[in-house]
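Colleague: Please take one part of this structure and describe it closely, in connected prose. I should like to follow how that part is put together and how it relates to its surroundings.

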2 protein chains.
Amino acid sequence: MSMSWLDQVNWSSDGLVPVITQDFKTSRVLTHAWLNRDALALAVLENRAIYWSRSRQKLWRKGEESGHIQKLHKVFLDCDGDTVCYVVEQVGGIACHTGRESCFYRQLSDGQWQTIDPVLKNPDEMYAKKHDTQ
Amino acid sequence: MSMSWLDQVNWSSDGLVPVITQDFKTSRVLTHAWLNRDALALAVLENRAIYWSRSRQKLWRKGEESGHIQKLHKVFLDCDGDTVCYVVEQVGGIACHTGRESCFYRQLSDGQWQTIDPVLKNPDEMYAKKHDTQ
């Protein structure tokens, strides 16, 4: 299989590009993360969002612990080829490790970051029960 | 005026964070860019999207050349405090320097990046007529 589309991504000197992830129905931005070539190739192959974890320095199959996987619907590349956008179906409706729908749950209002999203699930509960929520 | 909300952003070692920009009506992702502290402070003060141009190493008031400014409606911060999301009204309906609505105009389909957006305005025309489209 030709992988020339992977070569058209302008990977930075450290081999990464940022990836924005949106909900397929609401278009809400859920997360901002990073990709390397393997993560992007495998995401497309497995039809699920896969990232490169910079902190853990390894591939991160979103939902592998929490069960909150992201089914991959669409993949976009920007004009400069250095940013990807995933459009996903968020299983469980929770993308954030804090138990909220989106990581972008703080809105600037009157000079303060105001939390606008409720915690839908206790994070302790999300990460204690590995793999069994699917 | 207290600027403590600016201190709550986890600026990286180079003083930047990524910023995702979405359309206020459709929630479509328009651009991915970068912010430093000044860019974010001024954007909120001037109610328009302002970025830090890494290539030009200076503040970039979006639309300063093309006239396609972005009116700032909302600002969000993510859980780790290291990514910002601008929700904007895109004047002229063109966010991309190629003359398209969004920078994310290429979608992966059958192993190829397919262009899904039309060019709404010739880029030569956008950047030749400085400041006069407003």
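**The open sheets and the contact between the chains**

Modeller: In β6(A), the residue that bridges to Asp23(A) is Val88(A). This is a predicted model, in which local features need pLDDT of at least 70 and side-chain atom pairs count only at pLDDT 80 or more, while totals for chains, interfaces and linings use all residues. Residues are numbered from 1 along each chain as its sequence is written, and chains are lettered from A and ligands numbered from 1 in the order in which they are written.

The bridge at Asp23(A) belongs to a parallel pairing, in which five bridges join β1(A) to strand β6 of chain A, residues 84-90. Strands here are DSSP runs (E, at least two residues; helices are H or I, at least four), numbered from the N terminus, and two of them pair if DSSP finds at least two bridges between them. β1(A) also runs antiparallel to strand β2 of chain A, residues 29-35, with six bridges joining the two. Within that pairing, Ile20(A) has His32(A) of β2(A) as its bridge partner. The hairpin formed by β1(A) and β2(A) leaves five residues between the strands, and Ser27(A) in its turn has a positive phi of about 65°. Of the seven residues of β1(A), residues 17-23, six are buried, so this strand is largely enclosed by the rest of the structure. Buried means that 20 or more other C-beta atoms, placed from the backbone, lie within 10 Å of the residue's own; 12 or fewer make it exposed, and anything in between partly exposed.

Beyond β6(A) comes a further partner: seven bridges join it to strand β5 of chain A, residues 70-77, in an antiparallel arrangement. Val88(A) appears here as well, standing opposite Leu72(A). The whole open sheet has six strands with mixed pairing, and its order, β2(A)-β1(A)-β6(A)-β5(A)-β7(B)-β8(B), takes in strands of both chains. At its edges are β2 of chain A and β8 of chain B, each pairing on one side only. From one strand to the next the twist averages 35°, where axes are lines fitted to C-alpha atoms (for helices, over the stretch in contact) and angles run from 0 to 180 degrees between N-to-C directions.

A second open sheet of six strands, again with mixed pairing, has the order β8(A)-β7(A)-β5(B)-β6(B)-β1(B)-β2(B). Its edge strands are β8 (112-115) of chain A and β2 of chain B; each has a single partner, so one side of each is left without a neighbour in the sheet. The chains meet where β7(A), residues 106-109, pairs antiparallel with β5(B) over two bridges. Gln107(A) stands opposite Phe76(B) of β5(B), and it also stands opposite Gln114(A) in β8(A), for β7(A) and β8(A) pair antiparallel over four bridges. Further along, seven bridges join β5(B) to β6(B) in the antiparallel sense, with Lys74(B) bridging to Val87(B). The hairpin of these two strands has six residues between them, and Gly81(B) takes a positive phi near 70°. β6(B) in turn runs parallel to β1(B) over five bridges, and Val19(B) has Val84(B) as its bridge partner.

Val84(B) leads to the interior. The largest nonpolar core (buried Ala, Val, Leu, Ile, Met, Phe, Trp, Tyr and Cys residues joined through C-beta atoms within 7 Å) has 58 residues, and Val84(A) and Val84(B) have the most contacts inside it. Not counting residues up to four places away in sequence, the residues that Val84(B) touches include Val17(B), Leu35(B), Val75(B) and Phe76(B); contact requires backbone-placed C-beta atoms within 7 Å.

The contact between the chains takes 33 residues from chain B and 32 from chain A. On the side of chain B that touches chain A, β5(B) gives the largest share, four residues. That side has 17 nonpolar, twelve polar and four charged residues, with Ala, Val, Leu, Ile, Met, Phe, Trp, Tyr, Cys and Pro counted as nonpolar, Asp, Glu, Lys and Arg as charged, and the others, Gly among them, as polar.

A turn of 180° and a shift of 0.0 Å along the axis lay chain B on chain A with an RMSD of 0.0 Å, by least squares on the C-alpha atoms of residues with pLDDT of at least 70 in both copies. That is the relation of a two-fold axis. In chain B, the C-alpha of Ser27(B) is nearest the axis, 2.8 Å from it. Both copies use the same surface, since 97% of the contact residues of chain B recur in chain A.

How values were computed. Contact = placed C-beta atoms within 7 Å.
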